[in-house]
Amino acid sequence: MARFKAPRGTRDVLPSEQPYWRYVKGRAEAQARLFGYQPVDTPLFEDAALFVRGVGLGTDIVEKEMYVLEDRGGDRLALRPEGTAPVCRAYLEHGMYNLPQPVRLYYVCPIFRYERPQAGRYRQHYQFGVECLGDEDALVDAEVIELAWSFVASLGLRGIVLCINSIGDRSCRPAYVEALKAHYLGRLKDVCPDCRMRFERSPLRVLDCKRTDFACQEMAAEAPNSLQFLCADCGHRWKALLGYLASLEIPYEVDTRLVRGLDYYTRTVFEIQPLVARAQGTVLAGGRYDGLIEELGGPPTPGIGFGSGIERLIENLKAQGVTPTDYKGVEAVVAWIGDAARQEAVKLSASLKRQGISTLLAPTSKSLKGQMRYASAQGARYVLILGEEELSQGTVVVREMAKGEQKPVERAALLGYLTSGTV
Ligand code: ATP
Ligand code: MG
């Protein structure tokens with residue numbers, strides 16, 4: 001038996017599952033480009049302090065979930081626990097605020113969080129994320145939501161709902177937070193220990209609690225509504241956003257329990273949830289973070305973005321029986337009988353590869369049958385068979401696996417046959 005296993009909460013993506021990954025990453029990239037977003041890659045690890053500032057004390061990520069390590073030089077580093085802070089760090093470090101604004105960026109990258117592993121919750125997962133930096137107009141909120149919706153729809157995912165809310169800004173949120181605290185104050189003993197901690201350190205996040213073994217859910221359901229506390233400016237922007245979503249014909253649900261906990265999160269928050277799992281299974285979450293870049297030491301710069309969990313998307317696609325459409329197995333496997341034909345098979349497969357046709361040589365086997373079995377396990381479209389007779393006649397027997405039919409084809413006509421199906 002194997003002595004080692006993948007670390008708890010991590011997974012190997014084996015070849016059989018790769019088509020789903022290529023499909024989802026391909027759609028992510030295609031949609032991001034369609035909307036004019038540019039790719040960006042940041043390091044797998046960063047100064048841990050970036051996340052303490054950029055994600056914040058009082059969040060699950062910083063309090064409980066970061067993988068922190070000290071390297072040999074004594075630097076305190078963290079494996080990337082989320083994608084936004086590193087992109088904002090890069091935006092500042094490379095002076096992207098000097099470019100015409102807004103700057104539109106996207107990434108697909110692994111994220112590390114020390115979580116309790118379960119379905120849809122891993123210690124390493126991948127996110128497709130986008131960030132639009134330098135424009136606070138609600139038009140941009142609508143664009144980012146449109147991109148999110150269009151991405152998930154392009155995967156063919158059904159039974160999903162877009163939830164949106166506004167949590168106000170620095171001027172109107174304090175009054176809302178006070179009202180929320182007043183609602184919880186007398187009943188703190190009934191909510192979970194985490195919520196008691198949140199109440200002290202980042203009160204909005206009590207609304208985000210998922211525990212059902214305390215009174216957290218009913219307390220949240222009866223909590224005051226953030227939309228009723230919006231100042232005039234936030235109220236206008238909220239109405240504008242709803243107007244754009246109507247023009248875009250994007251259906252949404254207003255969910256006043258949707259929050260992000262920290263001061264630099266402002267106004268728009270949104271999630272895409274599968275109806276079967278709702279908030280437990282959120283496949284995409286985003287929001288506006290107008291105070292973040294300033295928090296990182298930069299000039300006041302608005303921003304909005306989202307992150308989407310690729311494993312969760314794939315799990316939903318599988319549950320709905322959606323299979324990737326844009327993946328092909330190997331095109332041809334060359335099988336042969338006899339030593340002379342083996343040399344010819346080596347030449348033939350090399351020449352097909354040079355012509356751009358993905359080709360494998362069947363493994364040496366006692367029987368043609370064994371070679372055919374191998375070809376079918378590779379998902380080959382054609383098996384090309386070379387024997388003494390074919391060598392002497394300058395032909396190759398082409399077997400079309402799906403039809404189970406075969407016929408001899410002149411070597412000179414082979415390429416045309418394989419690419420167009422006709423001689
Ligand atoms: P949750 O409330 O489920 O813990 P979160 O608020 O921590 O989610 P975000 O930080 O907003 O999640 O991450 C964006 C998306 O990344 C989530 O909506 C989800 O699809 C995915 N995601 C987050 N954590 C994990 C994880 N541990 N494993 C797999 N996917 C994850
Ligand atoms: Mg989490």
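**Exercise 1.** In this predicted model, determine which atom of ligand 1 a polar side-chain atom of E115 approaches, and state the distance.

*Solution.* Begin with the side chain: a polar atom of E115 is placed 2.6 Å from a nitrogen atom of ligand 1. Next, turn to the backbone. A polar backbone atom of G120 is 3.5 Å from a nitrogen atom of the ligand, and a backbone N or O atom of V283 lies 3.5 Å from an oxygen atom of ligand 1. Finally, consider the surface: ligand 1 exposes 590 Å² when taken alone, and the protein buries 86% of that area.

**Exercise 2.** Describe the residues that surround ligand 1.

*Solution.* First, count the shell: 15 residues surround the ligand, and R113, E115, R121, K210 and T282 are the closest. Second, classify the shell residues: four are nonpolar, six polar and five charged. Third, locate strands that contribute to the shell: β6 (124-133), β10 (284-288) and β11 (303-309) each provide at least two residues.

**Exercise 3.** Establish why the protein chain is described as more spread out than a compact globule.

*Solution.* Start from the secondary structure, which comprises 15 helices and 16 strands. The radius of gyration of the chain is 28 Å, whereas the globule rule gives 22 Å for 423 residues; the value is well over the rule, and the chain is therefore more spread out than a compact globule. Then examine the dimensions: along the principal axes, the C-alpha atoms fill a box of roughly 90 × 50 × 45 Å. As a last step, consider burial and contacts. Of the 423 residues, 50% count as buried. Among contacts with a separation of 6 or more, 69% join residues 24 or more positions apart.

Key
Residues numbered from 1 in each chain as written. Chains lettered and ligands numbered in written order. Predicted model: local features only at pLDDT ≥ 70, side-chain atom pairs only at ≥ 80, totals over all residues. Heavy atoms only, no water. Near = heavy atom within 4 Å. Polar contact = N/O pair within 3.5 Å; in protein donor to acceptor, adjacent residues only side chain to side chain. Areas by Shrake-Rupley, 256 points an atom, 1.4 Å probe, with all protein chains shown as cover. Helix = DSSP H or I, 4+ residues; strand = E, 2+ residues; numbered from the N terminus. Nonpolar A, V, L, I, M, F, W, Y, C, P; charged D, E, K, R; others polar. Rg over C-alpha atoms; globule rule 2.2 N^0.38 Å. Buried < 20%, exposed > 50% of the residue type's maximum accessible area, 1.4 Å probe, protein only. Contact = heavy atoms within 4.5 Å.
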